[in-house]
Amino acid sequence: MMANTASTPALSIRGLEVTYDHFRALKGVSLDIAPRESFGLVGESGSGKSTLLRAVAGLAPVSAGTIALDGQTLGNRRDKEFYRRVQMVFQDPYGSLHPRHTVDRLLREPLDIHGVSDGENRINRALDEVGLGSGFRFRYPHQLSGGQRQRVAIARALIVEPSILLLDEPTSALDASVQAEVLNLLEQIRRDRALTFVMVSHDLAVVTHMCDRLMVMQDGAEVEQLTSPELAERRVTKDYTVNLLRASEGFTRRQSA
Amino acid sequence: MSAPLLEVQNLAVRFPTRTGRVDAVRGVSFTLGRERLGIVGESGSGKSQTGRAILGLTAPSAQVTADRLRFDGQDLLTMGDAERRRLRGKRIAMVLQDPKYSLDPVMSIGRQIMETLRTHERVSRSEARERALAMLEAVQIRDPKRVFELYPHEVSGGMGQRAMIAMMLIAGPELLIADEPTSALDVTVQLEILAILDSLVRHKGMGLIFVSHDLRLVSSFCDRVLVMYAGRVVEEIAARDLSQAQHPYTRGLLNCMPEIGASRHPLPVLERQAEWAR
């Protein structure tokens, strides 16, 4: 699905800057993401890809630029309605779930915050949707595997029925076989619920698999934006992207002097 | 050919726990010459415990047994702790995953490298310093004099890992065990580190055991690969023949990774069979 210029973008970012003390983590980034599109942010550590995602979620200090959701520009404060429409899944399922809360309580909290009734049914449905089933309701995070925890984190994001999901390296802490299961689950959910995805990853293969378009980032700025088929066919214009592509193909003996 | 550098026969590592015995490694056997051997597996497959048992770094609560565990003809199982310590760092060295945690945070990089050298060889301070600087240069640190004085928190992950490798190689080990040496690093840095390891291993004729979860990376770097599952080696294969792997676990693991340019929706998932763990 390509960006449709006729409709209002689900997410529109213009000249976004993020500054920590004197360090400019994000240096004027602009992008548009269409409704139901899946968009990837790729880059190495320190490229600003996670900062961009966190800035959208209101978790990073924006010093300039604008973020608009469905055409409405967001203020510095995110209201409750924003967090119902936009939810985030973090990288580390060991750190993002409260260790002393049961799965039931973890899933009930967003419902309480947003005043959603019918909690019982929604919790069971959310657990079914992520392939865990209601048998997991009264377990603690330490009783779950990494993949199961990430499924709980996804269920928690979905339970308030958002339209945009922000995914920060959702599978990089998981084993390859578990990664495949979680990626399949995310694709299934996006199809079923017509969601918009913004996904951060250092893994080009994961991003081209999951996303329609992507932006390559370096040093807090855009290197280039391209579609996944363009990347797969090596139709890239910037040297940095070429290097990143080559590096993702593994080690070749020529590289050693 | 002379005796192999390392012989491992029927190695087992067991941890007694409150809920019963956990068999982390169950009967692993292989021999290693001056070559690059990859050990691949997912979390809990026993790959790291295999590397640690060879080095003698298994937790004290665990039980390590083997029919044979010999390094250069010496029996590691009956060797005393002091002798084992002399071997470790001198003739067998280990590079760990994350330099943030495996370097001493309150000692400058140069002093850490000198300490390793002076533990194993009688050399003067000035000679140790010379050799540490030369080693930093060998791992392609552009300004060794500056990095020598820095503390681990002042350098990037890639630089830290180079320092770690310099420290491990300074005493001239014959066997290097690298446990996920590049997993905490960016892809482009990862390749630089591998290139350094590759050329050092080749020029010094070292044996290398490369432990990793990344099957593709390992097969592009090593000569031979052991694939571990639930504490056992389920397949041993020449790296270049990986695409013809026989074991369903190896094939499943290769198959479930997304690939640039391949459109497979949904991705094939690994159907674990009970008999793989036997």
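Reader: Is A:His142 buried or exposed in this model?

Author: The model is a predicted one, and A:His142 sits in the loop between H4 and helix H5 (146-158) of chain A. A residue counts as exposed if 12 or fewer other C-beta atoms lie within 10 Å of its own. A:His142 has 10 such atoms within 10 Å, and is therefore exposed.

Reader: How far apart in space are A:His142 and A:Gln87, C-alpha to C-alpha?

Author: In sequence, A:His142 and A:Gln87 are separated by 55 residues. Their C-alpha to C-alpha distance in space is 23 Å.

Reader: How are H3(A) and H4(A) oriented to each other?

Author: Helix H3 (residues 103-113) and helix H4 (residues 119-129) of chain A have axes that come within 10 Å and cross at roughly 120°. An angle of 65 to 115 degrees would count as roughly perpendicular, and one over 145 as roughly antiparallel. The crossing falls in neither range, so H3(A) is oblique to H4(A).

Reader: Which residues of H4(A) are met by H3(A)?

Author: H3(A) passes H4(A) in a right-handed crossing. On the side of H3(A), the residues involved are A:Asp104, A:Leu107, A:Arg108 and A:Leu111. Their counterparts in H4(A) are A:Gly119, A:Arg122, A:Ile123 and A:Ala126.

Reader: Why do the buried residues of H10(B) line one face of the helix?

Author: In helix H10 (residues 248-255) of chain B, the buried residues are B:Tyr249, B:Thr250, B:Gly252 and B:Leu253. Seen down the axis of H10(B), these residues line one face because they fall within an arc of 165°.

Reader: Which helix of chain A do the buried residues of H10(B) pack against?

Author: Within chain B, the packing partners are helix H9 (215-221), strand S10 (224-229), strand S11 (232-238) and helix H11 (274-277). From chain A, the partner is helix H6 (176-193).

Reader: Which helix gives the most to the side of chain B that touches chain A?

Author: The contact takes 28 residues from chain B and 28 residues from chain A. Helix H8 (187-204), H9 and H10 of chain B each supply at least two residues of the chain B side. With seven residues, the one that gives the most is H8(B).

Reader: Which peptide bond is cis, with omega near -10°?

Author: B:Pro266 is placed in the loop between H10 and H11 of chain B. The cis bond with omega near -10° runs from B:His265 to B:Pro266.

Reader: What is phi of A:Asp219?

Author: A:Asp219 lies in the loop between strand S9 (213-218) and strand S10 (221-227) of chain A. The residue is partly exposed, with 15 other C-beta atoms within 10 Å. Its phi is positive, in a residue other than glycine, and is near 50°.

Methods:
Residues numbered from 1 in each chain as written. Chains lettered and ligands numbered in written order. Predicted model: local features only at pLDDT ≥ 70, side-chain atom pairs only at ≥ 80, totals over all residues. Buried ≥ 20, exposed ≤ 12 C-beta atoms within 10 Å, placed from the backbone. Helix = DSSP H or I, 4+ residues; strand = E, 2+ residues; numbered from the N terminus. Arc of directions from axis to C-beta. Contact = placed C-beta atoms within 7 Å. Axes fitted to C-alpha atoms, helices over the stretch in contact; angles between N-to-C directions. Parallel < 35°, antiparallel > 145°, perpendicular 65-115°, else oblique. Left-handed = near helix turned anticlockwise from the far one by under 90°.
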